[in-house]
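Here is a friendly tour of one protein chain, with the sequence and the model for you to follow along. Keep the viewer open and check each stop as we go.

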Amino acid sequence: MAEHDVLCFGETMAMFVAAQPGELAQVEGFGKRIAGADSNVAIGLARLGLGVRWLSRVGNDSLGAFVLDTLRQEGLDCSSVEIDDEHPTGFQLKERCDDGSDPKVEYFRRGSAASRLSPTQLQPALLEARHLHATGIPPALSGSCRALCHQLLDDMRAHGRSISFDPNLRPSLWPDRQTMVREINALAFKADWVLPGLEEGRLLSGRQSPQGIAEFYLEQGVQCVAIKLGAEGAYWRDAKGEHGVVPGFPVARVVDTVGAGDAFAVGVISALLEGLPLRRAVARGNWCGSRAVQSRGDMEGLPQRHELDLHENASIQPR
């Protein structure tokens with residue numbers, strides 16, 4: 001692998017997870033972790049042996065130091081992370097749900113250091129990575145973040161790099177739905193691989209079926225689309241017209257659904273960068289997602305390389 005196989009960017013927040021179930025207002029103890037869809041993917045790819053560079057900003061505060069320490073321990077190159085003396089590191093509070101339901105999350109990220117990301121942080125060395133992964137979260141944070149997203153995707157395309165894009169819709173961060181759809185699709189159309197969830201795809205494309213959603217993006221020049229179908233697995237389609245559904249892997253007990261889509265992206269991206277066919281990449285994505293929902297935390301269930309190799313060498317097939 002190259003020194004930097006993948007460039008990822010966005011906001012990593014500190015996360016305080018409730019130590020026991022119940023209303024956040026009544027919880028007395030919290031555990032400290034990190035959270036962020038973009039860095040979840042970066043960590044997952046690094047665990048699978050890829051060289052990952054992380055582009056971001058954190059505040060000059062204890063939470064920023066905690067975030068950076070954690071990312072470095074996960075093997076990310078954080079040399080492109082800027083320390084902001086004027087704006088704080090964002091954080092969130094997360095419920096604990098023991099029944100597998102989606103936990104309530106409260107965000108404290110308005111005016112964060114990461115929302116000050118801008119094209120001024122782009123350096124030529126960043127374009128040396130052979131792949132860029134982007135999501136729809138950074139462009140929702142601010143106008144300067146949105147400008148960074150477009151510039152980075154344009155520059156990577158101009159250098160012949162591959163690009164993956166996960167919409168990761170956050171409607172609460174946008175002024176209205178129409179703006180969100182327009183801006184997210186403008187970025188998605190610049191990508192090679194688009195990885196929406198089914199409901200995201202319906203909202204963004206106006207089409208209802210997985211086949212229709214995939215065709216919407218392929219018509220814009222995207223090379224392949226993989227649509228997450230939850231427990232049912234994922235639908236995939238490429239520019240050659242090949243397509244299919246890869247069933248999901250059975251899970252005895254769902255512990256935490258947060259981060260499952262990020263884990264799916266880790267599986268698909270890593271496999272495609274290894275030159276595997278799209279169907280096998282989607283199967284890996286499904287397996288990584290099944291791992292994620294069985295662990296508490298946003299990225300704790302992401303597999304290490306030896307775990308993935310053991311799984312794939314055993315030729316375990318999805319149900």
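## Salt bridges

A salt bridge here means a side-chain nitrogen of Lys or Arg within 4 Å of a carboxyl oxygen of Asp or Glu. Please bear in mind that this is a predicted model. By that criterion, the structure contains 20 salt bridges. A good one to start with pairs Arg47 with Glu74, whose closest N and O atoms are 2.9 Å apart. This pair ties together distant parts of the chain: Arg47 sits in helix H1 (residues 37-47), while Glu74 is in the loop between helix H2 (62-73) and strand E5 (77-84), 27 residues apart. Both Arg47 and Glu74 are buried.

Two other pairs are worth a look. Glu106 and Lys104 form a salt bridge, with 3.6 Å between the closest N and O atoms. Glu106 counts as partly exposed because its relative accessibility is 27%, and Lys104 is partly exposed too, at 42%. Arg182 and Glu183 also meet in a salt bridge, at 3.7 Å from N to O. Are its two members buried or partly exposed? Arg182 is partly exposed at 48% relative accessibility, whereas Glu183 is buried at 17%. Elsewhere, Glu274, Arg284, Arg305, Asp309 and Glu312 are joined into one network by salt bridges that share partners.

## The open sheet

Next, turn to the strands. Nine of them are worth tracing in order: an open sheet of 9 strands runs E5-E4-E1-E8-E9-E10-E11-E12-E13, and its pairing is mixed. Which strands form the edges? They are E5 and strand E13 (243-246), each of which pairs on one side only.

At the E13 end, strand E12 (residues 234-238) pairs with E13 in the antiparallel sense, over 4 bridges. Within this pairing, Trp236 stands opposite Gly244 of E13.

## Strand E2 and its partners

Strand E2 (residues 13-18) is largely enclosed by the rest of the structure, because 5 of its 6 residues are buried. E2 runs antiparallel to strand E3 (residues 30-35), and 6 bridges join the two. Met13 stands opposite Ala35 of E3.

E2 is also joined to strand E6, this time in parallel, through 4 bridges. There, Val17 has Lys94 of E6 as its bridge partner.

## Helix H7

Helix H7 (residues 210-218) is mostly covered, with 7 of its 9 residues buried. Which residues are they? The buried ones are Pro210, Gly212, Ile213, Ala214, Phe216, Tyr217 and Leu218.

The cover over these buried residues includes helix H5 (177-188), strand E10 (193-194), helix H6, strand E11 (224-228) and E12.

## Leu278 in helix H9

Now pick out Leu278, which lies in helix H9. Leu278 is buried because its relative accessible area is 9%, and the cut-off for buried is under 20%. Leaving aside residues up to four places away in sequence, Leu278 touches Cys224, Trp236, Arg237, Asp238 and Leu272.

Leu278 can also be placed relative to His243: the two are 35 residues apart in sequence, and their C-alpha atoms are 9.1 Å apart in space.

## The two largest pockets

The largest pocket holds about 1,200 Å³ of space. It is lined by 47 residues, of which Thr257, Val258, Gly259, Ala260 and Gly261 are the closest to its centre. Which elements each supply at least two residues of the lining? They are H1, strand E6 (91-94), strand E7 (105-108), helix H6 (198-205), helix H8 (260-273) and helix H9 (278-292). By class, this lining divides into 19 nonpolar, 15 polar and 13 charged residues.

The second largest pocket has a volume of about 330 Å³. Its lining is made up of Tyr107, Arg109, Arg110, Gly111, Ser115, Ala140, Leu141, Leu169, Arg170, Pro171, Ser172 and Leu173. Of these lining residues, 6 are nonpolar, 3 polar and 3 charged.

Key
Residues are numbered from 1 along each chain as its sequence is written. This is a predicted model: local features need pLDDT of at least 70, side-chain atom pairs count only at pLDDT 80 or more; totals for chains, interfaces and linings use all residues. Side-chain values use heavy atoms; hydrogens and water are left out. Buried means under 20% relative accessible area, exposed over 50%, partly exposed in between (1.4 Å probe, protein chains only). On a 1 Å grid over the protein atoms alone, a cavity is a set of points where a 1.4 Å probe fits but cannot get out, and a pocket is an open set with protein on both sides within 12 Å along at least five of seven lines; lining residues have an atom within 4 Å of a point. Grid points are joined across faces, edges and corners, and a volume is the space filled by probe spheres set on the points. Ala, Val, Leu, Ile, Met, Phe, Trp, Tyr, Cys and Pro count as nonpolar, Asp, Glu, Lys and Arg as charged, and the others, Gly among them, as polar. Contact means heavy atoms within 4.5 Å. Two strands pair if DSSP finds at least two bridges between them.
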